[in-house]
Amino acid sequence: MLRFIQVIVCNLPRLYMIPKMAHRARSGKYTEEQRYAYARLTVSRMNRSGHIKTIGYGMENLPKEGGYVMFPNHQGKYDALGIIATHEKPCSVVIDDAKSHVILTTQFVSMLHGKRMVISDLKQSVRIISEVAQEVAAGRRYIIFPEGGYFHNHNEVREFKPGCFKSAMRAKVPIVPVVLIDSYKVFEEWSLKPVTTQVHYLPPISYEEYKDMTTMEVSVMVHERIRKHIEKVTKRQ
């Protein structure tokens, strides 16, 4: 939280970026690439002022063509930003509607044309899953957090919600497990010391590999790959 305050204070001269993000979200004259480039610029400036460094690994694993869905473990407010900082091609995010209507977050999600899911509204959630499936099948890329939230669990991964995988499975696109390491330290620790986080893109799981599996089986498989990679990386630290 202390670092978040520092980022806000240091970027007060750049408050003009907030209405610019809102404008880019509403205007139809900006391409997805242009909006994503502005999102990455925002993250870069935030990281510089907050003494945050994010290192990406395994970018060569990302599919070169077509849409896919990334499923990361969830540690805190910085998670999606860390992925955006290391993911060159445009991507978007599915976020809990209740957490999306605060300054900066709302403009950011809107600019990326992200999806706000009302967890308690089953009908709306089904519609969001269907929309994401259609967009990913058409070539877009999404971030979905299968834990459904972050629970101060640091570098441990909690149980996944199988329903989160329906969008990728319906679209028949690759599933990319993503491992976040030390992402919680950015805004959860009461410190201003420089912090380094890691984003690991694991080899994608093709549709051919999971087409005969249930959502529960896919959920367990992705969970285990992420858990084992976290264990391997943290043992080396």
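Modeller: In this predicted model, a residue counts as buried when its relative accessible area is under 20%.

Biologist: What makes helix 4 (residues 79-86) mostly covered?

Modeller: Of the 8 residues in helix 4, 7 are buried. These are Asp79, Ala80, Leu81, Gly82, Ile83, Ile84 and Thr86. Each of these seven therefore falls under the 20% cut-off.

Biologist: How many of the residues of the protein count as buried?

Modeller: The share is 51% of the 237 residues.

Biologist: Why is Ile8 called partly exposed?

Modeller: The relative accessible area of Ile8 is 32%. Buried requires under 20% and exposed requires over 50%, so a value in between is termed partly exposed. Ile8 lies in helix 1, which spans residues 2-10.

Biologist: Which residues form a nonpolar patch on the surface with Ile8?

Modeller: The patch joins Ile8 with Met1, Phe4, Ile5, Val9, Leu12, Leu15 and Trp190. Together they have about 770 Å² of accessible area. Membership requires over 30% relative accessible area, and the 32% of Ile8 therefore meets that condition.

Biologist: What does the protein expose as a whole?

Modeller: The protein exposes about 11,800 Å², of which carbon and sulfur atoms supply 57%.

Biologist: How many helices and strands does the protein have, and why is it called as compact as a globular protein of its length?

Modeller: There are 9 helices and 7 strands. The radius of gyration is 17 Å, close to the 18 Å that the globule rule gives for 237 residues, so the protein is as compact as a globular protein of that length. Its C-alpha atoms fill a box of roughly 55 × 45 × 35 Å along the principal axes.

Methods:
Residues are numbered from 1 along each chain as its sequence is written. This is a predicted model: local features need pLDDT of at least 70, side-chain atom pairs count only at pLDDT 80 or more; totals for chains, interfaces and linings use all residues. Side-chain values use heavy atoms; hydrogens and water are left out. Patches are made of residues with over 30% relative accessible area and no salt bridge: like charges are joined within 9 Å, nonpolar side chains (Val, Leu, Ile, Met, Phe, Trp, Tyr) within 5 Å. Accessible areas come from the Shrake-Rupley method with a 1.4 Å probe; for residues, only the protein chains shown count as cover. A salt bridge is a side-chain nitrogen of Lys or Arg within 4 Å of a carboxyl oxygen of Asp or Glu. Helices (H or I, at least four residues) and strands (E, at least two) are DSSP runs, numbered from the N terminus. Buried means under 20% relative accessible area, exposed over 50%, partly exposed in between (1.4 Å probe, protein chains only). The radius of gyration is taken over C-alpha atoms; the globule rule is 2.2 Å times the number of residues to the power 0.38.
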